[in-house]
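Open the model in your viewer and colour it by secondary structure. The tour below goes stop by stop, with a selection to make at each one.

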Amino acid sequence: MAMVTIQTQAELEAARNQPASGEKKDALAGLRLLTAEGQEPRAKAAIEITEKALKRIRIAMSKEGVSPEQGGLRVGIQGGGCSGLSYSIRFDSQPRERDRVYVFGAGVETAGDPTNGAPIRLFVDPKSFLYLAGMVLDFEETLMRQGFNFINPNSSKSCGCGSSFSA
C-alpha cells in the first residue's frame with residue numbers, strides 16, 4: 001500500500017530553505033562583520049568581529065578602565081575544557097612583543113559608546129593564532145545566554161558550554 005504525504009505551501013518553502021543534511025547552516029548569516037585595518041574581508045589569516053562585539057568590548061573596556069590607545073582585548077586558546085581546548089578572553093594593558101594586533105571600529109559608532117567611536121585592539125599570541133585564524137568574535141545576548149561567541153572555522157567539534165572545542 002502506497003502512502004501519500006501532503007505538504008502545505010508553507011511547509012514546502014520551509015523545507016526548501018533548510019540546509020540539506022550534511023550542509024552546515026551559515027553561522028555568520030545576518031551578522032555585520034568588521035574587518036581589521038589592513039586586512040581583507042573573510043581572509044583566512046584574519047580575525048573579524050561583529051558590530052555587537054565591538055559595542056560590548058568598548059563598554060567593558062571603559063568599565064575596566066582600559067585605554068583604547070594602549071590596551072586591548074587579549075583573545076587566546078589554552079589547553080583544557082570539555083573538548084580539549086578552551087578560549088580565553090581578557091583585557092590587557094598593552095600587546096606583547098610577538099602578538100598580532102588587530103584594530104577594529106575606527107569611525108564606526110555604536111549605541112551608548114563611552115569611547116566616542118575609538119578604535120579597539122585585539123591581541124593574539126602566535127600559538128593561539130594557529131587555532132583562531134579566520135575566526136569571528138560575536139557577542140550574543142539572548143534570554144538563555146549572554147556573552148562572547150567564537151565562530152571558529154578551525155573547530156572540528158565543540159561542546160554545550162560554548163567555550164571549549166577540538167581542532
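Helices and strands here are DSSP runs, of at least four residues for a helix and at least two for a strand, numbered from the N terminus. The model is a predicted one. With the whole chain selected, the elements read α-β-β-α-β-β-β-β-α-β-β-β-β from the N terminus on, which comes to three helices and 10 strands. The chain has 167 residues, and 37% of them count as buried. Of the contacts with a separation of 6 or more, 57% are between residues 24 or more positions apart.

**Stop 1: the four-stranded sheet.** Select strands S1, S2, S7 and S8, which form an open sheet in that order with mixed pairing. Its edges are S1 (33-35) and S8 (146-151), each of which pairs on one side only. On average, neighbouring strands in this sheet are turned by 30 degrees against each other, direction ignored. Now narrow the selection to S7 (residues 136-141) and S8: the two run antiparallel and are joined by six bridges. Leu-137 has Phe-150 of S8 opposite.

**Stop 2: Glu-48.** Show the side chain of Glu-48, in strand S2 (residues 48-50). Is Glu-48 buried or exposed? Its relative accessibility is 2%, so Glu-48 counts as buried. Add Arg-42: its side chain and that of Glu-48 are joined by a polar contact of 2.3 Å. Beyond four places in sequence, the residues in contact with Glu-48 include Leu-33, Leu-34 and Thr-35, as well as Phe-104, Met-135, Val-136 and Leu-137.

**Stop 3: helix H2.** Select residues 51-64, helix H2, which lies across S1, S2, S7 and S8 and runs at about 75 degrees to S7. On this helix, pick Arg-58 and then Asp-113; they form a salt bridge with the closest N and O atoms 3.2 Å apart. Asp-113 is in the loop between strand S5 (100-104) and strand S6 (120-124), so the pair ties together parts that are 55 residues apart in sequence. Both Arg-58 and Asp-113 are buried.

**Stop 4: other salt bridges.** The structure holds eight salt bridges. Select Arg-74, Arg-90, Asp-92 and Asp-99 together to see a network of them. Within it, Arg-90 and Asp-92 meet at 3.8 Å, N to O. Arg-90 is partly exposed, at 42% relative accessible area, whereas Asp-92 counts as buried at 14%.

Finish with Glu-140 and Arg-145, a salt bridge whose closest N and O atoms are 2.3 Å apart. Glu-140 counts as partly exposed at 25% relative accessibility, and Arg-145 counts as partly exposed at 29%.

Note on methods: Residues are numbered from 1 along each chain as its sequence is written. This is a predicted model: local features need pLDDT of at least 70, side-chain atom pairs count only at pLDDT 80 or more; totals for chains, interfaces and linings use all residues. Side-chain values use heavy atoms; hydrogens and water are left out. Buried means under 20% relative accessible area, exposed over 50%, partly exposed in between (1.4 Å probe, protein chains only). Contact means heavy atoms within 4.5 Å. A polar contact is a pair of N or O atoms within 3.5 Å; within protein, one must be able to donate a hydrogen and the other to accept it, and residues adjacent in sequence count only if both atoms are side-chain atoms. Two strands pair if DSSP finds at least two bridges between them. Axes are lines fitted to C-alpha atoms, for helices over the stretch in contact, and angles run from 0 to 180 degrees between N-to-C directions. A salt bridge is a side-chain nitrogen of Lys or Arg within 4 Å of a carboxyl oxygen of Asp or Glu.
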